[in-house]
Structure formats: structure tokens, C-alpha cells
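Hi there,

I am passing a structure on to you, and I thought a short tour might help you find your way around. Please have it open while you read.

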Amino acid sequence: MTEKEVDASKQADDAKPKTDEDKTDKEPAKQNEDVEGKEKESEAEKTDKEPAKENEDAEDKEQESEAEKTVKEPAKHNEDVEGKEKETEPEKTGEAQKTPKGIYFLLGNEFCERFSFYGMRTILTLYLVRQLDYSEDVASKIYHSFQVLCYFTPLFGAILADSWLGKFRTIFYVSILYAIGNLTIAAGAIPNKLHTMKVISIIGLIIIGFGTGGIKPCVSAFGGDQFTSGQEEKRKYFFSLFYFSINLGSFLSTALTPALRGDIKCFGQDTCFSLAFFVPAVLFVIALILLIIGKPLYIIKPAEGSVFVSVFKCIGHALFRKATVKDEKKEHWLEYADDKYDKDLIYDIKCLLNVLFIFIPLPLFWALFEQQGSKWVLQAAKMDGKVFGTFIKPDHMQLDNPLLILVLIPVFDNIIYPLASKCNISLTPLRRMTIGGLLSAFSFVIAAIIQMKIETELPAIPPKGYSDLMIINNSPCHLDIVTNFNISLKQFESVMAKGNVVQKSVKWRFTPTGCSANATVIQEVNATSLYETMMVTLENNDLRFDVSNDSRIKEKDGNPRVRLLFSIDYEFAEGVNASFLFQGGSYFYIIPDNMTRPGRIGMTEYCSVKPSRYKLHLPSNGTKSHEETAFGEIDLKPGGSYIVYIYQNRSGNQKELRHAITVIPNSLHILWQIPQAIFITAGEVMFSITGLEFSYSQAPSYLKSIVQAAWLLTNALGNLLVVLLVHFIEFEKQSYSFLMFAALMALSMGVFGIMAHYYKYVKKKDNSDSS
């Protein structure tokens, strides 16, 4: 939830008495008046409109109490006695100055809920890719589908609260569902069969989507219900604290959960996603407990009827009459509903539809903005995060947005907007939104440029039908190689031989010089895969050849990977799990499994490790399992793929440790993402914050809840757009996708600018909408 949503809920709540269906159908501002009690009711309206006069002298108290009683009966639609007592109690003299105690439980509830949601969402993309083994495109579709659910279901949550359950019971029941979803995804992250983990995790996401969406429109409005006339300042203070709780919870969880999943080991893995999901789940259980504990202190209003239903009925009735009534012409199609609905309501719905029409191009902004949690995280995972000996995690880059928001809002409000005004540059709300959208488009141009640099580091795929062969001379011999081409390879060097035809046997001639081997060897080479590795070394003064399939990939977790090719003095016996030890920032063992035992020559498979500088210790025949003195050192950088080859011959006093890089490590630093983050956050300030303020200034007060729902719906549609575009348009490179979104956003803002040019700002008929 953002500040915009909080303000939306507050303003919608201020206008809540106008949401009753009967009130909407017939004269929304005055419905159900009692003709005989007009004088009393007039006095009551005066009392209701002047909350500052609540502390009138004692001789007027009885008259005022009677007046309030008269006005409250039609305005609250026959609320139960308990609700009346709770609402009127704070209105007594002196009570208006007291802060409702129940709000502190609601603030704690909101902090824990936002901690839970953002903590879970921050690590979601990497969880889908690294633990559930989804491709980046599929993970992106799942992430944005989840976002669609989160921002579409508030519509149903609002209708449920307004029409049937009331806010408190809606929050309570839906929160139970929400808690179950959090615990479900935490359980799904526990290592198990991959299919089982996928099913449980997706079920958990669906439940969370309904949960967070169901309570989203209710919590802030329920907080507003705790204040009555005369407590406007305290209510404003509450919403400031409410917004602070939201941002504090989201900031702390965004900082914490990546550390939990990346720095803690559990269940035999180097990561602990289950703990990173479980901690937010516990926080939400605490949120639910706080909600329950505070119940005796809450003012709980029953359902008052949904303005959504009333507006939809009016629109439906107008469309029906327009289609069926042939002998009646109206200036506007909504006016066909004037036989049943009040003209003021029809006018207000016209204003609402004008605002909703201007919303049409807006989903594209959210399509770009929400990719900060999906495609931008995946981009960061392919960058170098090393800073002063430590590593910035890719999901930690999502902290850029809330930090930049805190900086850029005062910059725009106190510098940029006033400066534009002094320069006679008219930045109307719609112009600000247009500029903000273009800034977000430019952020994706920057993202595309960075992605192009990343793509230059990705391994090239051989042409179809051909193979690349890495030849590693792990010997003290100089090798002259003759095949379809000639290669001269010095001792302990490596070379990549490209263009080998797959499934075609070719004879290669190897001539050694400068070592104990002197016989030319004919070696038959038959490529069977895209990538292969050949090690040439010495065995009993003869050349020995070992060939294996290889691969050229970057690990999904961004870690380097390494394999060993060796020719050493230690003999690996059958049934003995001797290993090589790497010691650095962490330590790990590699057991050679691609060799003939007993033997001294062989290869290992690739092993994914933490980036660090490591010392390599060979296995030992002594009392200790490994030699105390390191054989050599190797620096393994993020994203790189390394073949480390070692040669040892104590009798000849020979010792070598070399490495070949088969996949280039991440060289572009992760902090290069900051410029694109600045532009999209600046776009958010100009587009999102201004957009919601514009919407509320143009919408009738008692229809603000519909504007809020429509605003959230644009977010849902934006995420849906990402899902559809990723599904139906496949790009060879991710940079092309970023450029496509930038172009679509620029085109969308062009259309929006034209619509804004012809938009007529609504002038308010009265000051009732000053909330």
C-alpha cells in the first residue's frame, strides 16, 4: 500500500454516509427526511456541519443531543444500539480531545501486514527462478499474475465490507485466509519434490493475493471510523502514522528477507527461502493477534450499503432505457436514468466517467513500474554486487525506490514545482502525469542499455550442427596440433577450438616437445554436444587425453561455478571419498567423480560456490585429510564459469595451477541500476502521486471509493499487460523487451497528452468535497 491509497481510503471514508443505496437513488444529500421534523433536522444539519462547536455551554447540551439524535437516525440507517453507543461516546464534552486507543492496535496491525507482504514479494522472483526452477519469463508471468490478483480483488473486498460484513469482520475473516496463505508458501519453500513445492507455493500465492486484496480497501477506512466529529486533527495525525507504519514495515522487510534467504543455510542448502517466507508469515499472525486484542476498543460500524452497487445500477438503468426507449432523446446517455435517479447523482457519475476515461492509458505505467520486482531483479542478478568486500544482493536493489521516494517528494514539492511556477511553466496535474510517464519510459531505455552490456558477456551459442571444444594443455609439453587448422599450444595453456562438426569423426595429430613425451599421437575427435572440454596431460611419459561434455551457463543465483581438471601425485582409491578443499569466504569440498579409480588423473563436475578468493588444498595421505599448505589460489567472481586445472609432479619438482574462464564473470556493477531507479521513481512522483490527487479532486466525494478501486484496477491491468506481452511476444534478447516497453509507454503518453489537452476540469458545485 502507498500513501496514495491511504489518502484515498481516508477521503472515501469521509464521504461514507452517502454510500447508502437509497440515499444514492433519491437525493443523496438529503434522503429519508422526515417532513414533520424539518426544523429539528435543519438544526441537526447545522450541528453536524460545525463539529468545532461540540463543546458548547451546558445549557445547550440537551437541545444539541436531541438534534444529533434526529440527524443520526436517517444517516446511519438503523444501526444497532451497541454501535450507536460506541460512536456517540467520544462526542461527549472532553472526549473529542482524546485519541482513540484502538488505533494503536491498527497501526501495529498495518506495520506487520505490510512487513509480511513486501517481505514475501521482495524475494518472490528469485524464489521462482532459483528454487522452483522456472525460466525467467515464466517466473515473470507468475509474479505479475500474482500482482494482478492483489490489485483486482480490492474491488470485491470493498463491496463485501460495504454491503454485507462491515469493515471489521471483513478484515478479520480475510486476514485468517491471508495468514494461511503466508504459512502455505513458507511450507512450500521447504525442500521437497519440485512438483510438490511448485503446487504448494502457487496455492499459497493465490491465497495471499485474495487476502491482501480483500483487506486493502478496508484497513485505513476502518481506522478513520475510530474518529468522530471534532477529531479531524487527530484523524489526520493517525493517517500520518498509518503511512509511516506502511513504509517502515515495507522498508524493514525489504532489507531483511533477502538477508534471511541468502545468508542463512538450512535444509542442507546454501540458502533458506523457507525461513525468509516464514518470518513474514509470523509477522502477519502477530498482525491478526493485534487486530483481535484491540476489538473491545474499536468503533465498529455495520455495513451501510455499497456505492459501487448504486452507481452500477444507475448506469445499467440508463443503458437499458437508452436501448428500449425510442421516442425520447437525451443530450447524454446517462440522462435516460433521470426517471428513477436524482439529477445530482447523474451529474456526479458523469464526472466520475470523465475521470475513468482519462485512466485508459494509465495501466502501461504500472506495467513498467512493477517490473522493478521482476525483470529488474533478474537483471541485477547478472551484475557485480561487490562493494568494499561485501556483496549487495540483487533483491536488495528494490530498496532504491522507497529511499528515493523520501528524497524526491520534497525535491519536487519544494524546488522543481515552485521553480517551474516562477518560470511561468504551467505544470497542470495532467501535464505532470505526462512528463512522469515519459520519465518512466526513459528509465527503461537506460535499463535496455545496461542489458545490452550484460548480453555481451553471455556465452555465444555455436551455429547449429557445430561444437566448441576447449583444449587444455595440462602438461609441461609444448603441443603442435594439426587438424583442419593448426594450433600451437604452450605448456599449461588453453585454447578454444570452434567450428567442429557434430557427429563427425576427425583425426587430430598432437606433437609434443620440451618434455619427457616425444611421440606424435593421432587422436580421433568426435563432437557429440554443443560444448566439450579436452584435457591433455602426461601419464608414464606419454600423452593422455580426457574428453567430457561441458556447458556454458550463468547460475540462476548469480554465483560462480567451478570444475577441476587434475593430474597429481595423490592416488584416488576405490571407495575412498577423498576430496579437494576450497577455503575462502566459505569452504567447500569437491569429490572427483569423473575418473577411473584407482588413478591420479581425472575431472570433476561443475560446483556452484559463493564468490570469493579461495585457497585450494589437495587431498593428503597423512593423518589429515588435506595438505596444510595450499596448492594455490583462485578468485571466483559472480556469474563466472571456471575450469581450474592443476598439475603436480614432485619427482620433477613441477607444480602448476591455472584456470580457464568459459563464461565471463559479471563485470557491470550493480550500482549502475541507480540511474534507471532515479528516473522511474521521479516518474512515480509526477505520475502516480499527482494522478491520484487529480482523480480525487475531479470525483464527487461519495464516489471517491470507486476512484480508488479504479486506480488499483489500473495497476492490475498493467501487470496483466506484462503477462500477456511476455506470453505472446518472445524476444531473442531481454534488452529488446525493455525497449518495447519504453516505446509503448512513450506512445501511451502521447495518447494521454492528447486526451489531457481536451479534458475539461470539473468545477465543484459546493465545498462539500473539501476533505
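Below is what turned up, grouped by topic.

Please keep in mind throughout that this is a predicted model.

**A pocket and a nonpolar patch**

Let me begin with the second largest pocket, which holds about 1100 Å³ of space. Its lining is made up of 38 residues, and those closest to the centre are Glu136, Lys382, Leu458, Glu732 and Gln734. Several helices give two or more residues to this lining: α8 (136-152), α18 (375-380), α20 (429-456), α22 (704-728) and α23 (734-758). By residue type, the lining divides into 17 nonpolar, nine polar and 12 charged residues.

Two of those helices, α22 and α23, turn up again on the surface, where each gives two or more residues to a nonpolar patch. The patch consists of Met452, Leu717, Leu720, Leu724, Phe728, Ile729, Phe731, Tyr736 and Leu739, and together these residues have about 780 Å² of accessible area. Helix α22 supplies the largest share, with four residues. If you would like one residue to click on, try Tyr736, which sits in helix α23. Tyr736 counts as partly exposed because its relative accessibility is 37%, and partly exposed covers the range between the 20% limit for buried and the 50% limit for exposed.

**Salt bridges**

A search of the whole structure gives 25 salt bridges. Here are three of them.

In one, Lys301 pairs with Asp225, and their closest N and O atoms are 3.7 Å apart. Lys301 belongs to the loop between α14 (273-293) and α15 (307-324), and Asp225 to the loop between α12 (219-224) and α13 (232-263), so this salt bridge ties together parts that are 76 residues apart in sequence. Asp225 is buried, at a relative accessible area of 3%, whereas Lys301 is partly exposed, at 21%.

Another joins Glu627 to Arg650, with 2.8 Å between the closest N and O atoms. This pair also links distant parts of the chain, 23 residues apart: Glu627 is in the loop between β16 (612-617) and β17 (632-636), and Arg650 is in the loop between β18 (641-649) and β19 (654-663). Glu627 is partly exposed, with a relative accessible area of 21%, while Arg650 is exposed, at 52%.

There is also a network, in which salt bridges that share partners connect Arg321, Glu328, Lys330, Asp338 and Asp339. Within this group, Asp338 bonds to Lys330 with closest N and O atoms 3.0 Å apart. Both residues of that pair are partly exposed: Asp338 has a relative accessibility of 29% and Lys330 has a relative accessible area of 26%.

**An enclosed helix**

Helix α7 (residues 124-131) deserves a look too. Eight of its eight residues are buried, so α7 is largely enclosed by the rest of the structure. They are Leu124, Thr125, Leu126, Tyr127, Leu128, Val129, Arg130 and Gln131. After α7 comes Asp133, which has a positive phi near 60°.

**Strand β7 and some loops**

Trp508 is part of strand β7 (residues 505-513). Is Trp508 buried or exposed? With a relative accessibility of 2%, Trp508 counts as buried. Its C-alpha atom is 5.1 Å from that of Gln523, a residue 15 positions away along the chain.

Asn621 lies in the loop between β16 and β17 and is exposed, with a relative accessible area of 67%. In sequence, Asn621 and Tyr570 are 51 residues apart, but their C-alpha atoms are separated by 7.5 Å.

A few backbone details are worth a glance as well. Arg597 and Pro598 are joined by a cis peptide bond, with omega about -10°; Pro598 is in the loop between β13 (587-590) and β14 (599-603). In the loop between β9 (531-539) and β10 (542-549) you will find Asn540, a residue that has a positive phi of about 55° although it is not a glycine. Asn540 is exposed, at 70% relative accessibility. Asn541 is located in the loop between β9 and β10, and its phi is positive too, near 65°. Asn541 counts as partly exposed, with a relative accessibility of 47%.

Happy exploring, and best wishes!

Methods. Residues numbered from 1 in each chain as written. Predicted model: local features only at pLDDT ≥ 70, side-chain atom pairs only at ≥ 80, totals over all residues. Heavy atoms only, no water. 1 Å grid on protein atoms, 1.4 Å probe; cavity = no way out; pocket = protein on both sides within 12 Å on 5 of 7 lines; lining within 4 Å. Points joined across faces, edges and corners; volume = space filled by probe spheres on them. Nonpolar A, V, L, I, M, F, W, Y, C, P; charged D, E, K, R; others polar. Patch = residues over 30% accessible without salt bridge, like charges linked within 9 Å, V, L, I, M, F, W, Y side chains within 5 Å. Areas by Shrake-Rupley, 256 points an atom, 1.4 Å probe, with all protein chains shown as cover. Salt bridge = Lys/Arg side-chain N within 4 Å of Asp/Glu carboxyl O. Buried < 20%, exposed > 50% of the residue type's maximum accessible area, 1.4 Å probe, protein only.
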